[in-house]
Amino acid sequence: MRLGTSLPELVDPFALLYADFPLDDDDGLADFDARVEPVPRWRRPLRAAASAVIDGRAAFDPFLRAQALPMFEWTMNWCVFTRPNQYLLLHSAVVERHGSGLLLSGEPGAGKSTLAAALTFGGWRLLSDEVGMIPPGRRELLPLPRPVGLKNQSIEIVRTAYPEAILGPSTVETRKGTVAHLRPTTESVARAAESATPKWIVFPKFVAGVTPEVRPVSRADALLRLAEQSFNYSVLGLTGFNALADVVDGCSCFDIRFGTLDDALACVGYVTAGAAA
Amino acid sequence: MASVWRVPERPGLHWRDWDGEHVVYHEASGDTHRFNDVGASALRLLTERSMTASHLVTELASRLPGADGATLAQTVDELIDRLRDLGLIELQDDASDARPL
């Protein structure tokens with residue numbers, strides 16, 4: 001992916017969040033060319049605006065320039081979620097330990113990104129906080145580590161629980177509320193070529209004040225829920241069904257409900273207990 | 001005369017079975033459905049050959065020991081409605097009445 005911008009305020013946050021990522025030759029082939037550029041003041045005279053451009057075309061309506069950093073991340077997400085249809089793409093966070101992959105799938109606000117971020121400080125490697133990439137016929141989870149998007153209270157929760165966490169600046173009043181991105185661990189980036197074997201599927205659900213709970217989910221139910229959350233299941237047809245069924249076939253599946261990050265980690269520990277150390 | 005039900009030709013049904021639950025991908029619609037043992041057995045039977053609802057009840061009763069006959073008959077009636085709504089089965093008469101223009 002080739003990224004570009006002439007917004008100087010994005011340089012430092014990008015240098016911070018992507019510090020461990022290797023840079024390719026500038027003249028190398030890129031699947032996507034994504035840029036965020038200022039909108040001329042005469043077009044948006046009231047508040048400074050910017051726009052995203054993918055492969056030379058405006059991708060979305062212009063947005064507030066103050067929100068350029070999260071919009072750049074979401075522009076990259078859009079590229080990843082909509083184009084690589086050689087893979088089944090699940091809207092999930094994915095982490096790995098000892099070669100075994102854990103898929104975290106849920107509606108926005110369920111807590112999957114926060115949980116994935118916390119797990120990376122406890123011996124798990126981040127494959128992605130947004131997308132599970134599955135090559136049909138191979139029963140693998142492919143890594144796509146990028147900064148983890150944290151929202152609202154999750155930002156302070158992660159900052160407090162993990163003082164070593166490196167977070168970019170917070171952006172307020174986005175369509176998702178306040179947003180900040182967490183730099184992925186160095187190990188997650190360094191091992192970005194190592195896939196994982198899916199072993200657990202967990203559907204997390206944050207519910208304030210709830211007693212933590214782990215409940216098995218049938219594989220049939222898990223398949224239907226993951227299909228519902230996929231970006232391209234219907235596009236892939238039978239190939240998507242077989243790829244998803246192959247993943248589900250080898251996984252243990254659970255609902256977890258929790259009211260605190262510690263409870264969420266305890267639920268995941270319970271689910272994954274017994275895995276090879 | 002009792003209606004005869006069948007799965008359309010080239011049904012394109014692809015199954016996965018786990019612990020008494022069954023998921024089928026229907027190529028024609030691109031939809032994925034979940035069935036219990038009764039539903040999956042019924043659809044598989046209708047894939048093998050056409051039959052009436054009462055015949056289907058008899059076949060299912062022989063394959064699902066312990067199933068209550070009256071309950072099974074009601075279940076099959078509801079199931080046939082559902083399978084027809086989903087486009088997974090059709091009336092054989094409708095199909096045989098069809099004529100090319």
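**Figure 1. Asn152(A) sits in the loop between β11 (148-151) and α4 (153-161) of chain A.** Helices (H or I, at least four residues) and strands (E, at least two) are DSSP runs, numbered from the N terminus. In this predicted model, Asn152(A) has a positive phi of about 50 degrees although it is not a glycine. Most residues other than glycine have a negative phi. Asn152(A) is partly exposed because its relative accessibility is 35%; buried means under 20% relative accessible area, exposed over 50%, and partly exposed in between (1.4 Å probe, protein chains only).

Residues are numbered from 1 along each chain as its sequence is written, and chains are lettered from A and ligands numbered from 1 in the order in which they are written. The model is predicted, so that local features need pLDDT of at least 70 and side-chain atom pairs count only at pLDDT 80 or more, while totals for chains, interfaces and linings use all residues; side-chain values use heavy atoms, with hydrogens and water left out.

**Figure 2. Asp19(B) occupies the loop between β2 (13-18) and β3 (21-26) of chain B.** The phi of Asp19(B) is near 45 degrees, a positive value in a residue other than glycine. Asp19(B) counts as exposed because its relative accessibility is 74%.

**Figure 3. Confidence of the model, with attention to chain B.** Chain B averages a pLDDT (the predictor's confidence in each residue, from 0 to 100) of 89, and 92% of its residues score at least 70. Over residues 97-101 of chain B, pLDDT stays under 50, and the model has zero contacts for these residues beyond four places in sequence. Contact means heavy atoms within 4.5 Å. The model as a whole scores ipTM 0.88 and pTM 0.91.

**Figure 4. The contact between chain A and chain B takes 15 residues from chain A and 10 residues from chain B.** The area buried between the two chains is about 1,200 Å², of which carbon and sulfur atoms give 64%; buried area is the accessible area (1.4 Å probe) that two parts lose on being put together, summed over both. Leu224(A), Leu238(A) and Phe241(A) supply 39% of the area that chain A buries against chain B, more than any other three residues.

**Figure 5. Three salt bridges link chain A and chain B.** A salt bridge is a side-chain nitrogen of Lys or Arg within 4 Å of a carboxyl oxygen of Asp or Glu. Arg16(B) forms a salt bridge with Asp246(A), the closest N and O atoms being 2.9 Å apart. Between the chains there are also five residue pairs in polar contact, both residues at pLDDT 80 or more. A polar contact is a pair of N or O atoms within 3.5 Å; within protein, one must be able to donate a hydrogen and the other to accept it, and residues adjacent in sequence count only if both atoms are side-chain atoms. On the side of chain A that touches chain B, α6 (219-229) and α8 (238-249) each supply at least two residues. The largest share of that side, seven residues, comes from α8(A).

**Figure 6. The largest nonpolar core has 30 residues.** A nonpolar core is a set of buried Ala, Val, Leu, Ile, Met, Phe, Trp, Tyr and Cys residues joined through side-chain atoms within 4.5 Å. The residues with the most contacts inside the largest core are Leu102(A), Leu104(A), Leu119(A), Leu150(A) and Ile256(A). A second, separate core of 29 residues includes Ile134(A), Phe203(A), Leu226(A) and Trp18(B). Beyond four places in sequence, Leu104(A) touches residues including Lys112(A), Leu115(A), Ala116(A) and Leu119(A). These four are among the buried residues of α3(A), a helix spanning residues 112-120 in which nine of nine residues are buried.

**Figure 7. Ser128(A) lies in strand β9 (residues 125-128) of chain A.** Ser128(A) counts as buried because its relative accessibility is 4%. Leaving aside neighbours within four places in sequence, Ser128(A) is in contact with Ser92(A), Ala93(A), Val94(A) and Leu144(A). A polar atom of the Ser128(A) side chain lies 2.9 Å from the backbone nitrogen of Val131(A).

**Figure 8. His181(A) belongs to strand β13 (residues 177-182) of chain A.** His181(A) is buried, with a relative accessible area of 6%. Not counting residues up to four places away in sequence, His181(A) touches residues including Leu17(A), Pro70(A), Glu73(A) and Ile166(A).
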